[in-house]
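Student: I have a chain to go through with you. Can we take it question by question, with the reasoning spelled out?

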Amino acid sequence: MTAGYLFSGVLFQLPMLAVLVIGVVLIGSRRPRIGPRSALLGQIGLIVLIFEVIAQTAWSLTFPRLLHSMDASVSQFGLLSSAVGLMLSALVTAGVGLLIAAVVTGRNQPSAV
């Protein structure tokens with residue numbers, strides 16, 4: 001594996017990972033203001049997205065090795081790649097869905113009109 005590929009595979013995921021981790025901490029620190037249900041849904045959603053970023057990075061790093069060492073047919077490789085893509089898509093969908101649920105279940109505060 002080349003250093004450039006490793007650099008692009010890991011380094012470019014670090015800002016997203018940092019934002020997600022900071023988001024978990026910020027939501028936790030504002031739990032009384034946000035409400036316990038919204039905070040929990042938001043934190044779980046961000047944790048799911050953290051797992052997705054880690055899984056995506058792991059897949060990006062193993063992909064070249066897998067291509068190089070895999071003796072399987074193109075259809076088997078395509079099936080594996082599709083399965084991983086489906087799993088990563090499901091994680092993103094679940095994480096974003098939980099974040100939307102956190103916003104929707106937020107406290108009803110009277111508007112200052």
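Student: Among contacts between residues at least 6 apart in sequence, what percentage join residues at least 24 apart?
Tutor: This is a predicted model, so the contacts are those of the predicted coordinates. Count the contacts in the protein chain between residues at least 6 apart in sequence, then keep those that join residues at least 24 apart. The share is 73%.

Student: What pattern do the elements follow along the sequence?
Tutor: The protein chain has 5 helices and 0 strands. Read along the sequence, the pattern is therefore written with helix symbols alone, given how helices and strands are assigned. It is α-α-α-α-α.

Student: Which element has the lowest mean pLDDT?
Tutor: Start with the whole chain: its mean pLDDT is 85, and 81% of the residues reach 70 or more. Among the elements, α2 has the highest mean, 95. Where pLDDT is low, predicted coordinates should not be read in detail. The lowest mean, 68, belongs to helix α1 (residues 3-11).

Student: Which element gives the largest share of the largest nonpolar core?
Tutor: That core has 8 residues: L20, V24, I27, A39, L46, L49, I50 and V53. Two elements, α2 (14-29) and α4, give two or more residues to this core. The largest share is 5 residues, and the element is α4.

Student: With which residues is I50 in contact, leaving aside its neighbours within four places in sequence?
Tutor: I50 is itself one of the core residues. L20 and V24 are core residues too, and both are on its contact list. The full list is L17, L20, V21 and V24.

Student: Is Q43 buried or exposed?
Tutor: Q43 is found in helix α4 (residues 36-69). Outside its sequence neighbours within four places, Q43 is in contact with V24, I27, G28 and R31. Its relative accessible area is 13%. The cut-off is under 20%, so Q43 is buried.

Student: How many Å apart are V25 and Q43, C-alpha to C-alpha?
Tutor: V25 lies in helix α2. At 55% relative accessibility, V25 counts as exposed, whereas Q43 is buried. The two are 18 residues apart in sequence, and in space 8.3 Å.

Student: Where in sequence are the contacts of G45, leaving aside its neighbours within four places?
Tutor: G45 is in helix α4. At 0% relative accessibility, G45 counts as buried. G45 and L98 are 53 residues apart in sequence, yet 4.7 Å apart C-alpha to C-alpha. The contacts are at G95 and L98.

Student: What separation, in Å, is there between the C-alpha atoms of G35 and G106?
Tutor: G35 sits in the loop between α3 (31-34) and α4. At 5% relative accessibility, G35 counts as buried. G35 and G106 are 71 residues apart along the chain, and their C-alpha atoms are separated by 6.5 Å.

Student: Is V92 buried or partly exposed?
Tutor: V92 is found in helix α5 (residues 74-104). With V96, I100, V103 and V104, V92 makes a nonpolar surface patch of about 450 Å². Its relative accessibility is 33%. That value lies between the 20% and 50% cut-offs, so V92 is partly exposed.

Student: What percentage of the accessible surface belongs to carbon and sulfur atoms?
Tutor: Buried residues make up 24% of the 113 residues. The accessible surface of the chain comes to about 7600 Å². Of that surface, the carbon and sulfur share is 73%.

Technical notes:
Residues are numbered from 1 along each chain as its sequence is written. This is a predicted model: local features need pLDDT of at least 70, side-chain atom pairs count only at pLDDT 80 or more; totals for chains, interfaces and linings use all residues. Side-chain values use heavy atoms; hydrogens and water are left out. Helices (H or I, at least four residues) and strands (E, at least two) are DSSP runs, numbered from the N terminus. Buried means under 20% relative accessible area, exposed over 50%, partly exposed in between (1.4 Å probe, protein chains only). Contact means heavy atoms within 4.5 Å. Accessible areas come from the Shrake-Rupley method with a 1.4 Å probe; for residues, only the protein chains shown count as cover. Patches are made of residues with over 30% relative accessible area and no salt bridge: like charges are joined within 9 Å, nonpolar side chains (Val, Leu, Ile, Met, Phe, Trp, Tyr) within 5 Å. A salt bridge is a side-chain nitrogen of Lys or Arg within 4 Å of a carboxyl oxygen of Asp or Glu. A nonpolar core is a set of buried Ala, Val, Leu, Ile, Met, Phe, Trp, Tyr and Cys residues joined through side-chain atoms within 4.5 Å. pLDDT is the predictor's confidence in each residue, from 0 to 100.
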